[in-house]
Amino acid sequence: MEDLNNNIEKQVNKENGIVKGAAIIGAAGIVVKLLGAVFKIPLTNWMGSVGMSYYQIAYVIYSVLIVLSTAGFPVAISKLVSENNAKKQFANSGKVLKTSLGIMTFLGGVSAAICFFGANAYANYVENPMAAQAIRAIAPALLFVPLLSSFRGFFQGRRNMTPTALSEIIEQLTRVIVGFALTRIFLKSGLPAAAAGASFGASAGSLMAMAFMILVYSMFKSRLQIENSRGSDYIEDTKVIIRKILTIAIPIIVGAEIIPIMYSIDATVIMKRLVATGWSQEESTYLYGLMAGYCNSLVNMPEFLIQAIAISIVPAISHASARGDYENVDKNIGTGYKLTTLIAFPSMIGLLVLARPILKLLYPAQIDEAMDAVPTFIVMTFSIVTLALYETSTGALQAIGKQIIPLRNVAICALIKIVLTYIFVGIKSINVVGAAASSVIAYLIAFALNEVAVKKYTGARTDIMGTFIKPFIAALVMGAFAYGSHKLFSIFLGNSLSTLFAILVGVLVYGIMVVVIRVASPEEISEIPKGEKINALIRKVVKNW
């Protein structure tokens, strides 16, 4: 534990840039998403699309309520702490944390109560009454996650991403272990009980992560006391801090709440439209389960890296803006966009060209269902890019205090999404594929609206060639090699090995293309951890690097 303390202390007050901050959160995200895949893939194999529909309904209502009590607050805390630290007002940063903890205790308790006592009513409303047990099982997480997010926002505001990263790993690891154990235990009691066991993993994970974060904060107390003594003794009134937190958080909460509410309404619209167009209740549940069980988890995997970028640019841009350093504001926004496309384009192309073999590889116990999910999966891959760009542009606007604008834009996005879902899913030959298409279109429109505002209020001008065209070309070449490799290897090997080889080839080709067409410059690579060593290795192969 002393080594952990020393490693964390080294991060305090360290000028971590966006790339390094995103790398820390992103590395943790890789572990978290791998654990999540390890969790959801066996669950789908065990419970099938019907059991996963119970689990997904619980996760949807959880998402709605957790956003209400967390979204916006970490951003607000991060922004206020970053601004206070830029002015050496360390004591006031501490009060921001304490004030936010009081707010989150109240909101978390209310959200947990609504989830637990309203489980039956909501499950009946979405015409999936067997999901009520899973909804109740996830309710305790709503009590702990809000408090956890306050601590994460505090450390992120100090541009110390390590506590957040470690707590995310602990949260997900506990979720997987407990969720696995309870699912297997309750599976013999039926799918509703098994889904409840899987849901309770989130509750156990949030409790363990909260305990860890409290321990980390207690280790920081002596350092914080030293900072307080050396900084300004300025401390704002509690009411002033509450007003500042709410002024920043409420628009973000409403904007973030729109998305899970949108998907909650979406789930209802999908089920009702499927039934209305001639599918039976069982068939409708099956079709919705294809999207929820086989598509969502895989398509959402790259999102953790995008969120890491959004998390990192908020304090970086806020800190630069507080000092009037508009050159760095522009630079940080550009870096955020470029990192986003470097991740989103290859993720989209890779999943698109290897959709069928990847689903076969991951769901061997449910091959027929996995193949039924392929059309929906292919369409959903395009949402990786549109959602990623929307989230990064939202982070940039929030960092400069324009949180109302993404709120307005995501409201437009939600309305378009619901209308298009109603229209497309109502066409029987399209069914749930229409819901996937509506997401792609809606997020593209939301990003376009955000980008207009970013240019207007920051003057930032995006390098189209370096940010969009070059990463896309690199991803296309990668996709061609990955697809061709799978076709070649599958002649001699089974699907599993040929798919793994194709993924490896894709990764190697993309890395080569990034260097050959200079998608990333030596200066940009030097900003990532071990970047200088990577540059040195490249110089041995590429001249004039």
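Trainee: Is the crossing in which helix 17 passes helix 19 left-handed or right-handed?
Mentor: This is a predicted model, where local features need pLDDT (the predictor's confidence in each residue, from 0 to 100) of at least 70, side-chain atom pairs count only at pLDDT 80 or more, and totals for chains, interfaces and linings use all residues. Residues are numbered from 1 along each chain as its sequence is written, and side-chain values use heavy atoms, leaving out hydrogens and water. Helix 17's crossing past helix 19 is left-handed.

Trainee: At what angle do helix 17 and helix 19 pack?
Mentor: Helix 17 covers residues 383-399 and helix 19 residues 433-458, with their axes 8 Å apart. Helix 17 is roughly parallel to helix 19 (angles under 35 degrees). Their packing angle is about 30°.

Trainee: How many charged residues are in the contact of helix 17 with helix 19?
Mentor: Helix 17 brings residues including Leu-387, Tyr-390 and Thr-394, and these meet a set in helix 19 with Tyr-443, Phe-447 and Asn-450 among them. The contact divides into twelve nonpolar and six polar residues, while the number charged (Asp, Glu, Lys and Arg) is no residues at all: none.

Trainee: Is Thr-394 buried or exposed?
Mentor: Thr-394 has its place in helix 17. Leaving aside neighbours within four places in sequence, Thr-394 is in contact (heavy atoms within 4.5 Å) with Pro-406 and Asn-450. Its relative accessibility is 10%, and buried means under 20%, so Thr-394 counts as buried.

Trainee: Which helix has the lowest confidence?
Mentor: The protein chain averages a pLDDT of 81, and helix 20 (residues 464-492) is highest, at a mean of 93. Where pLDDT is low, predicted coordinates should not be read in detail. The lowest mean, 43, belongs to residues 2-9, helix 1.

Terms used: Helices (H or I, at least four residues) and strands (E, at least two) are DSSP runs, numbered from the N terminus. Axes are lines fitted to C-alpha atoms, for helices over the stretch in contact, and angles run from 0 to 180 degrees between N-to-C directions. Angles under 35 degrees count as roughly parallel, over 145 as roughly antiparallel, 65 to 115 as roughly perpendicular and the rest as oblique. A crossing is left-handed if the near helix is turned anticlockwise from the far one by less than a right angle, and right-handed if clockwise. Buried means under 20% relative accessible area, exposed over 50%, partly exposed in between (1.4 Å probe, protein chains only).
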